[in-house]
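Here's a quick briefing to read with the fold open next to you. Start with the helix pairs, then move on to single residues.

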Amino acid sequence: MHSQIEEIYRKESRRIFATLIRLLGDFDLAEECLQEAFTAAMNQWPKEGVPRNPRAWLVSAARFKGIDRLRKQNRAHLARDELLAKIEQEQQSQPDDEEHIQDDRLRLIFTCCHPALAPNVQIALTLREVCGLTTEMIAAAFLLQPTTLAQRLVRAKAKIRSAGIPYEVPDAQHLPERLDAVLAVIYLVFNEGYNVSSGDQITRSDLTGEAIRLARLLLDLLPEPEVMGLLALMLLHDSRRAARVSATSELVLLEDQDRKRWDQAQIAEGKALVENALRTRRFGSYTLQAAIAAVHAEATRAADTDWPQIVALYDLLRRAEPSPVVELNRAVAVAMRDGPAAGLALIDSIMANGQLDNYHLAHAARADLCRRLGRAEDARAAYERALSLAQQGPEQRFLQNRLREISAD
């Protein structure tokens with residue numbers, strides 16, 4: 001029973017948390033009541049059985065705990081009285097229905113991405129509160145001390161509270177100006193699920209599924225080309241999820257994947273979305289990345305991949321959104337089109353300024369090209385550097401296997 005409750009916590013806790021913020025109006029109170037509700041479940045469910053709708057039970061239990069807390073506090077506080085009245089009014093209107101719960105995380109993302117907050121704080125707050133990533137994991141991604149990040153998050157939540165930032169999706173007039181930040185955050189959620197940053201999992205389907213669901217909700221609100229492009233990109237990547245992991249839970253590279261295991265329904269939907277976005281001629285980087293993923297999806301074998309088209313799309317992408325990572329991915333595509341020497345020359349040029357020195361995938365890509373060119377010592381050094389930076393267990397084992405293969409050769 002305890003393991004079942006832990007699984008419900010893993011899958012549902014952030015969705016419940018988002019609903020509690022709507023009901024209770026406070027991040028910290030919502031978090032405390034969430035934990036109390038799961039503690040109550042640990043005590044009651046082993047005796048009474050798991051409810052038919054565990055999420056609704058937990059939301060209801062946490063909401064009542066929040067109301068009890070507010071009632072025990074100083075009732076002379078007008079704002080607190082008004083909040084209590086609002087909660088009780090929502091209780092009468094059945095706030096636990098599926099429609100409300102489905103929209104709550106989108107509301108929470110727009111709250112965390114309010115323009116009153118600095119862009120880097122928007123992303124960090126969303127990863128913490130919407131995705132449930134630990135402060136330590138987010139701090140590592142931002143190259144910050146956990147205590148520094150924790151202070152920023154506390155200040156951000158205080159600003160939301162003091163400034164009265166609304167917990168809502170903005171109206172049609174203000175929606176476009178908030179779109180870029182929300183798209184970026186949804187894609188970060190997806191990436192953390194598609195390629196878990198640390199630990200022994202390769203993927204987290206709860207995060208990838210949630211990001212796709214949020215993008216669908218956003219597309220209903222705002223059918224813009226880049227929303228189509230982002231949804232397409234996530235669907236096309238997610239279509240390969242089952243083939244990315246071996247029977248022994250090891251990482252399988254794209255070129256070695258069993259393409260019969262790719263989800264053809266997701267591929268068809270993703271390609272249709274890409275085509276629709278491209279037809280508008282108002283697309284951006286997400287649509288271009290989706291177009292690259294679509295080219296990969298069209299190849300029934302790795303050898304059939306249209307690398308010239310992929311390089312051409314990367315040429316467009318680096319003009320739309322120049323970055324060292326885009327340049328690195330383009331260099332890998334050039335290596336597949338023109339040979340490893342051409343790709344290695346580009347990677348060495350990109351890495352010369354040190355921008356990707358702490359990016360393990362850059363060293364892994366360089367190592368692979370050196371390996372293909374027979375430069376064993378250079379490959380070994382690059383693999384060792386990549387291994388020292390990798391945080392995910394399956395990636396570490398993959399790099400260790402490559403090093404053993406070089407030693408054997």
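In this predicted model, one face of H14 is built from Trp-307, Pro-308, Ile-310, Val-311, Tyr-314, Asp-315, Leu-317 and Arg-318, and these meet Val-326, Glu-327, Asn-329, Arg-330, Ala-333, Val-334, Met-336 and Arg-337 in H15. Sorted by class, that contact holds ten nonpolar, one polar and five charged residues. The rest of the briefing covers how this pair is set up, two more helix pairs, the chain as a whole and a handful of single residues.

**H14 against H15**
- H14 covers residues 307–320 and H15 covers residues 324–338.
- Their axes sit 9 Å apart, and the packing angle is about 160 degrees.
- Roughly antiparallel is the label for H14 and H15, because the angle is over 145 degrees.
- H14 and H15 cross in the left-handed sense.

**H10 against H11**
- Helix H10 (residues 205–221) packs on helix H11 (residues 225–238) at about 155 degrees, with 9 Å between the axes.
- H10 is therefore roughly antiparallel to H11.
- The crossing of H10 and H11 is left-handed.
- On the H10 side you'll find Thr-208, Ala-211, Ile-212, Ala-215, Arg-216, Leu-218 and Leu-219, which meet Val-227, Met-228, Leu-231, Met-234, Leu-235 and Asp-238 of H11.
- By class, the H10–H11 contact comes out as ten nonpolar, one polar and two charged residues.

**H11 against H13**
- H11 also packs with helix H13 (residues 285–298): the axes come within 8 Å and cross at roughly 35 degrees.
- The crossing of H11 and H13 is left-handed.
- H11 brings Pro-225, Glu-226, Gly-229, Leu-230, Ala-232, Leu-233, Leu-236 and His-237 to this contact, and H13 brings Ser-285, Tyr-286, Thr-287, Gln-289, Ala-290, Ala-293, Ala-294 and Ala-297.
- The class count for H11 with H13 is ten nonpolar, five polar and one charged.

**The chain as a whole**
- The protein chain has 19 helices and zero strands.
- Its radius of gyration is 24 Å, which agrees with the value near 22 Å for a compact globule of 409 residues.
- Along the principal axes, the C-alpha trace spans about 75 × 45 × 40 Å.
- Of the 409 residues, 48% are buried.
- Taking contacts with a separation of 6 or more, 63% are between residues 24 or more positions apart.

**Two buried residues in helices**
- Look for Arg-14 in helix H1 (residues 2–24).
- Arg-14 has a relative accessibility of 9%, so it counts as buried.
- Leaving out residues up to four places away in sequence, Arg-14 touches Glu-31, Leu-34, Arg-105, Arg-128, Glu-129, Val-130, Cys-131 and Gly-132.
- Tyr-194 belongs to helix H9 (residues 175–194).
- At a relative accessible area of 11%, Tyr-194 is buried because the value is under 20%.
- With the same sequence neighbours left out (up to four places away), Tyr-194 touches Ile-202, Thr-203, Thr-208, His-237, Asp-238, Arg-240 and Arg-244.
- Two of the residues Tyr-194 touches also turn up in the H10–H11 contact: Thr-208 and Asp-238.
- Tyr-194 and Leu-373 are 179 residues apart along the chain, and their C-alpha atoms are separated by 30 Å.

**Loop residues to check**
- Which way does phi usually point? Most residues other than glycine have a negative phi.
- Ser-249 is not a glycine, although its phi is positive, at about 65 degrees.
- Ser-249 is placed in the loop between H11 and H12, and at 42% relative accessibility it counts as partly exposed.
- Arg-281 also has a positive phi, near 60 degrees, in a residue other than glycine.
- You'll find Arg-281 in the loop between H12 and H13, and with a relative accessible area of 73% it is exposed.
- Asp-256 lies in the loop between H11 and helix H12 (264–280).
- The relative accessible area of Asp-256 is 51%, so it is exposed.
- Asp-256 is 13 residues from Ala-243 in sequence, and the two are 9.1 Å apart from C-alpha to C-alpha.

Notes
Residues are numbered from 1 along each chain as its sequence is written. This is a predicted model: local features need pLDDT of at least 70, side-chain atom pairs count only at pLDDT 80 or more; totals for chains, interfaces and linings use all residues. Side-chain values use heavy atoms; hydrogens and water are left out. Axes are lines fitted to C-alpha atoms, for helices over the stretch in contact, and angles run from 0 to 180 degrees between N-to-C directions. Helices (H or I, at least four residues) and strands (E, at least two) are DSSP runs, numbered from the N terminus. Angles under 35 degrees count as roughly parallel, over 145 as roughly antiparallel, 65 to 115 as roughly perpendicular and the rest as oblique. A crossing is left-handed if the near helix is turned anticlockwise from the far one by less than a right angle, and right-handed if clockwise. Contact means heavy atoms within 4.5 Å. Ala, Val, Leu, Ile, Met, Phe, Trp, Tyr, Cys and Pro count as nonpolar, Asp, Glu, Lys and Arg as charged, and the others, Gly among them, as polar. The radius of gyration is taken over C-alpha atoms; the globule rule is 2.2 Å times the number of residues to the power 0.38. Buried means under 20% relative accessible area, exposed over 50%, partly exposed in between (1.4 Å probe, protein chains only).
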